[in-house]
Amino acid sequence: MFTPLNTDRLPSRFVESNGKTYLWFSGTDYLGMAFHPRLVQLLSENLNSLGSHFGSSRNNSLRISVYEEAEKELAKFTGADDALLVSSGMLAGFIVRSTLPTILAELHPQHQIREYEAPMLHPALRRLGSKNPTWLNWAASLADQIRGESQGIYHVLYSDSIGTPLTSGYDFKLLSQLPDTLLVVDDAHGLGVLGENGEGSYPLIRSNTQQELLLIASLNKAMGVPGGVILGSRKILHKIRNSAFFGGSSPIPPIYAYALTQLIREGIYRQSHQQLKELNTYFLNQLTSPSAFHYVENYPVYVSSDAGLFHHLLSQNILVSCFPYPTQQDPVLTRIVITAAHQPNDLDWLAECCNSYFA
C-alpha cells in the first residue's frame, strides 16, 4: 500500500512534499478555482464587510441578501426553477433524502411514495442500495417496471449524473416520460464541468426526460465554494426551506455566496469551463491508448484499475490519486484529473508518461 504524502500547502498545478515537487492531477478542483485570481480578489476585498462566517440560521429574523442573490444566479446559470444554498453537498443530499418522503406525501396525498436507487449512488443520497450490476440495467428494467405499474404510486428515482469513481456516462433518455415520477440526481461531479458552459446536468436531463427533476450538488468541487446547492421546483424547495433540517443548519459563509454571484455574472466560470474543455481535448488527442482508461468524452477524468500506473507516474514526479473509494473495502483505482489550472506542457508530460506505461 502507498503511504500518502503530506504537505502544508494547498495544491494547484503543483504540490510539494518532503522536499520534492510533483505535478498534481487529482482532486475535484476541475475549474482550477482554488487560486483563481478573481476569486482570491473577491474574498480579500470583501472580508471586512461580509466577515468569515454567519453564525445564524437563515430562517432567523435577520436575513443577509447575498444568499438570495446567489440562489437567483445559480438558478439562472443552471436553468433550474429555483435554488437553495446549504453548507455542503453532503448536507444537500441528507436534507433531500430526509425531507422528501414527507414533502411528496403532502403534495401527492392520493399516492403511495416508492423510492429506488441507482447502482453506485453517492452516500449523500444512498439508503437502500441497488442490486443491479450496472446503471444501464437498472434504468432500463426500472423504466419498464414503472410503465407497467398501476396508478396510485409516485416514484422517486435517485441517481448520480455521471458514474464515479469508474467514470461512465448515463443515458437519462431511458427514464423519459415516466408517469408520476421524480428524478433526484447528484450532480456533484457535473456542475461546472458538464454542459455547454458548465451549467451542469439540470437542463440536459430535463430536456431528455421531461420528468420533474430535483438536483443536488457540491459547490466545493468545480465551483470553488465551500457549500452545496439544491436545484428544483419552487414548490419543493419552499418546503425544504421551511424544514427543521434547513432552519437548524448553518449557511455557507456569506463572502463565498457573494463571490459565487460575481463569478457567475462576470462569466468567470464559463471562461474556465471553456479552458478546461480545450485542455481535456488536447490531452486526449495525445493518448496513444485511451482505451486503457474509463473515461467519457468531454469529461476531464481518466480512471484505471491498474495501480502500477500510479507508481509509474509517481516515479516521474506526477501525483494522481490511488486509494479505495468510498470505503476501505472498495477497489483501489488510479484516477487522473485534468483541471483548468493546468498548462499544455503539463499535459505533454502526463500523456508521454501514460503512453510509455501502456506501450
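## A walk around the model

By class, 17 nonpolar, twelve polar and two charged residues make up the lining of the largest pocket. That's our starting point, and keep in mind as you click that this is a predicted model.

**Stop 1: the largest pocket.** This pocket has a volume of about 710 Å³. To find its middle, select Ser26, Val320, Ser321, Cys322 and Phe323, the closest to the centre among the 31 residues that line the pocket. Now colour the elements that give two or more residues to the lining: β1 (14–17), α10 (307–315), β13 (321–324) and β14 (332–337). Which of them gives the most? Pick out β13, which contributes four residues.

**Stop 2: the largest cavity.** Searching the whole structure turns up six cavities of 30 Å³ or more. The largest cavity holds about 70 Å³ of space. Select Pro11, Ser12, Trp24, Ser26, Asp29, Gly32, Ala34, Phe35, Thr339 and Ala341 to show its lining. Sorted by class, that lining has five nonpolar, four polar and one charged residues. You've met Ser26 already: it lines this cavity, and it was also on the list of residues closest to the centre of the largest pocket.

**Stop 3: helix α9.** Select residues 268–286 and you have α9, a helix of 19 residues. From its first C-alpha to its last it reaches 28 Å, close to the 27 Å expected at 1.5 Å a residue. Next, show the side chains of Ile268, Tyr269, Ser272, His273, Leu276, Leu279, Asn280 and Phe283, the buried residues of α9. Turn the view until you look down the helix axis: the buried residues fall within an arc of 130°, so they line one face of α9. What covers them? Try showing α1 (37–50), α2 (65–78), α8 (254–265), β11 (301–304) and α11 (344–358), which are all part of that cover.

**Stop 4: helix α2.** Since α2 helps cover α9, hop over to it now. It has 14 residues and spans 20 Å from first C-alpha to last, close to the 20 Å expected at 1.5 Å a residue. Its buried residues are Val66, Tyr67, Ala70, Glu71, Glu73, Leu74, Ala75, Phe77 and Thr78. Then click on Gly79, which follows α2 and has a positive phi, near 85°.

**Stop 5: Ser305.** Head for the loop between β11 and α10, where Ser305 sits. Is Ser305 buried or exposed? Its relative accessibility is 58%, so Ser305 counts as exposed. Now measure across to Leu333: the two are 28 residues apart in sequence, yet 4.8 Å apart in space, C-alpha to C-alpha. Leaving aside neighbours within four places in sequence, Ser305 is in contact with Val332 and Leu333.

**Stop 6: some backbone details.** Three loop residues finish the tour.

- Pro165 is in the loop between β6 (162–163) and β7 (168–169). Look at the peptide bond from Thr164 to Pro165, which is cis, with omega near 10°.
- Gln177 lies in the loop between β7 and β8 (181–186). Its phi is near 50°, a positive value in a residue other than glycine. With a relative accessible area of 57%, Gln177 is exposed.
- Gln210 is found in the loop between α5 (202–209) and β9 (212–218). Here phi is near 55°, again positive in a residue other than glycine. At 45% relative accessibility, Gln210 counts as partly exposed.

Conventions: Residues are numbered from 1 along each chain as its sequence is written. This is a predicted model: local features need pLDDT of at least 70, side-chain atom pairs count only at pLDDT 80 or more; totals for chains, interfaces and linings use all residues. Side-chain values use heavy atoms; hydrogens and water are left out. The expected span of a helix is 1.5 Å times one less than its number of residues. Buried means under 20% relative accessible area, exposed over 50%, partly exposed in between (1.4 Å probe, protein chains only). The arc is that of the directions from the helix axis to the C-beta atoms. Contact means heavy atoms within 4.5 Å. On a 1 Å grid over the protein atoms alone, a cavity is a set of points where a 1.4 Å probe fits but cannot get out, and a pocket is an open set with protein on both sides within 12 Å along at least five of seven lines; lining residues have an atom within 4 Å of a point. Grid points are joined across faces, edges and corners, and a volume is the space filled by probe spheres set on the points. Ala, Val, Leu, Ile, Met, Phe, Trp, Tyr, Cys and Pro count as nonpolar, Asp, Glu, Lys and Arg as charged, and the others, Gly among them, as polar.
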